[in-house]
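Please walk me through this structure in the viewer, one selection at a time. I would like to know what to select and what is found there.

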Amino acid sequence: MAQEEPTALERFINGILPENPVYRQLLGMCPTLAVTNGMEPAMTMVAATAFVLICANVMTSAIRGLLKPHLRILVFTMTIAAFVTIADRLLAAYMYDMSKQLGPYVPLIIVNCIIIARCEVCASKQSVRVAFGDAVGQSIGFGLGLATIATVREILGSGTWLGLHVLPASWPGWGIMVLPPGAFLTLGLLLGIAEWLSRRRGRAST
Amino acid sequence: MSEAPKGGGYIRDAWLVIALALVFGGGLAGVQTALSGRIAENKQQETYSVIPDLVEGADAGGTVELVVKGKDGKDARVYKVMGTDGAHRGWVVPARGQGFADRVEILVGLDAELATITGLYVLDQKETPGLGDYITSEGFRDRFRGRPADAPVVIVKGEPKAENEVKALTGATISSESVAGIVNEALANLREPILTQSGAG
């Protein structure tokens, strides 16, 4: 079954929309729901996750020749945990308020399935260049996913976007949008829209 | 694929894991060393900005840092809080300990005679979101205001009857008890040393 492996560019483009981690793979749901009540925490989470994803993919790809099959998950997890700890300490040092706002969700990046899935699917099998492209593409996809949800939740819930007021002060602010139920509602509706759009595109191309 | 390796085979198989553990451990130690200064500074800034909430009539600019040797023999940093009129208004004592999930760091505000708790602030916690992390809420922290500082705070599930009782958070008893435990330990360790070593009363 000698199938051509995807190139770095293909991995990169796939990660943005066709294999979007939030809307197509439905991975990393925990931060997607937890930190999207505002654009600022959401984008900080995307930056931290991107840092870990890129570093973990590159490192795993660099040592892919040394991995033993029955110990590879252990190596992935250790690598991811190390980079998440570095990201957490960097946030605490340089973005202290955001670090406090994100709280336990930064250490929880360790169990974000997107990262270990990319290590398993791509980084442990392909070169560093491809792994890098894959990580960047998936990060952009993750960012798009979180940005769409955070935009809806922040504008409807607080009338702001990135902290700036975009709706008139008379906007009552839908409290539910800032709370977990609003996250589930928004994600569910946007997932439905994403699926509908992709089916429409599928029909249009046949 | 599932044959057990002979002799020292397990260690040989896991050499990469062991090597990575050492490399990552060293790397993380380096990162921690490099950044711990800045992180401590950030916490310090946060402490100073919160002091006016913890002690009545405080002037944040007039806070004096003191090092006091606690009953456990270790040096502890405490803050002597002065008012805008220069009078001694109270103390702020940093305290830390094990919470339900991870370490919890708090600031305890006390009056000048160290007789009453005047406020509580949670600097750092990683308790369960939606349950344990309510220890940061004003509602929970306010329950500590007015409690005597010379008797241990006791967490109760019903309505508090005695002066030193504080109502637990619903669904977060262990987090509540951890905070009370941290407060009690810090006060037991530092209350008398502060009174004697600073010459204040």
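Start by selecting A:Met43, which lies in helix 3 (residues 39–62) of chain A. The model is predicted. A:Met43 counts as partly exposed because 17 other C-beta atoms lie within 10 Å, while a buried residue needs 20 or more. Add A:Leu146 to the selection: 103 residues separate A:Met43 and A:Leu146 in sequence, yet their C-alpha atoms are 7.6 Å apart in space.

Next, go to A:Pro107, in the loop between helix 5 (96–102) and helix 6 (113–123) of chain A. With 16 other C-beta atoms within 10 Å, A:Pro107 is partly exposed. Which residues touch A:Pro107, apart from its neighbours within four places in sequence? Select A:Val84 and A:Asp88, which are in contact with A:Pro107. For a distance to draw, take A:Gly28: A:Pro107 and A:Gly28 are 79 residues apart in sequence and 13 Å apart from C-alpha to C-alpha.

Now show the whole of chain A. Chain A contains nine helices and two strands, and from the N terminus the order is α-α-α-α-α-α-α-β-β-α-α. Along the principal axes, the C-alpha atoms of chain A fill a box of roughly 60 × 50 × 25 Å. The radius of gyration of chain A is 18 Å, which agrees with the value near 17 Å for a compact globule of 206 residues. Of those 206 residues, 40% count as buried. If contacts in chain A are restricted to residues at least 6 apart in sequence, 76% of them join residues at least 24 apart.

Switch to chain B. Chain B has four helices and seven strands, which run α-α-β-β-β-β-β-α-β-β-α from the N terminus on. The C-alpha trace of chain B spans about 75 × 40 × 30 Å along its principal axes. Its radius of gyration is 22 Å, whereas a compact globule of 201 residues would have one near 17 Å. In chain B, 29% of the 201 residues count as buried. Among its contacts between residues at least 6 apart in sequence, 51% join residues at least 24 apart.

Within chain B, select helix 2 (residues 15–54) and centre the view on B:Leu35, where the helix has a kink of about 45°. Then pick B:Thr47, B:Ile51 and B:Leu54, which are buried residues of helix 2 of chain B. What covers the buried residues of this helix? Show strand 2 (75–82), strand 3 (88–98), strand 4 (103–111) and strand 5 (117–124) of chain B, which are included in the cover.

Finally, display both chains and select the contact between them. On this selection, 17 residues of chain A are in contact with 19 residues of chain B. Helix 4 (residues 72–94) of chain A gives the most to the chain A side, with ten residues. By class, that side of chain A has 13 nonpolar, two polar and two charged residues.

Keep helix 4 of chain A and helix 2 of chain B on screen and hide the rest. The axes of these two helices are 8 Å apart and meet at an angle of about 10°. Angles under 35 degrees count as roughly parallel, and helix 4 of chain A and helix 2 of chain B are therefore roughly parallel to each other. Colour their contact by class to see 17 nonpolar, four polar and two charged residues.

Definitions and conventions: Residues are numbered from 1 along each chain as its sequence is written. Chains are lettered from A and ligands numbered from 1 in the order in which they are written. This is a predicted model: local features need pLDDT of at least 70, side-chain atom pairs count only at pLDDT 80 or more; totals for chains, interfaces and linings use all residues. Two residues are in contact if their C-beta atoms, placed from the backbone, lie within 7 Å. Ala, Val, Leu, Ile, Met, Phe, Trp, Tyr, Cys and Pro count as nonpolar, Asp, Glu, Lys and Arg as charged, and the others, Gly among them, as polar. The bend at a residue is the angle between axes fitted to the seven residues ending there and the seven starting there. A residue is buried if 20 or more other C-beta atoms lie within 10 Å of its own, exposed if 12 or fewer, and partly exposed in between; C-beta atoms are placed from the backbone. The radius of gyration is taken over C-alpha atoms; the globule rule is 2.2 Å times the number of residues to the power 0.38. Axes are lines fitted to C-alpha atoms, for helices over the stretch in contact, and angles run from 0 to 180 degrees between N-to-C directions. Angles under 35 degrees count as roughly parallel, over 145 as roughly antiparallel, 65 to 115 as roughly perpendicular and the rest as oblique.
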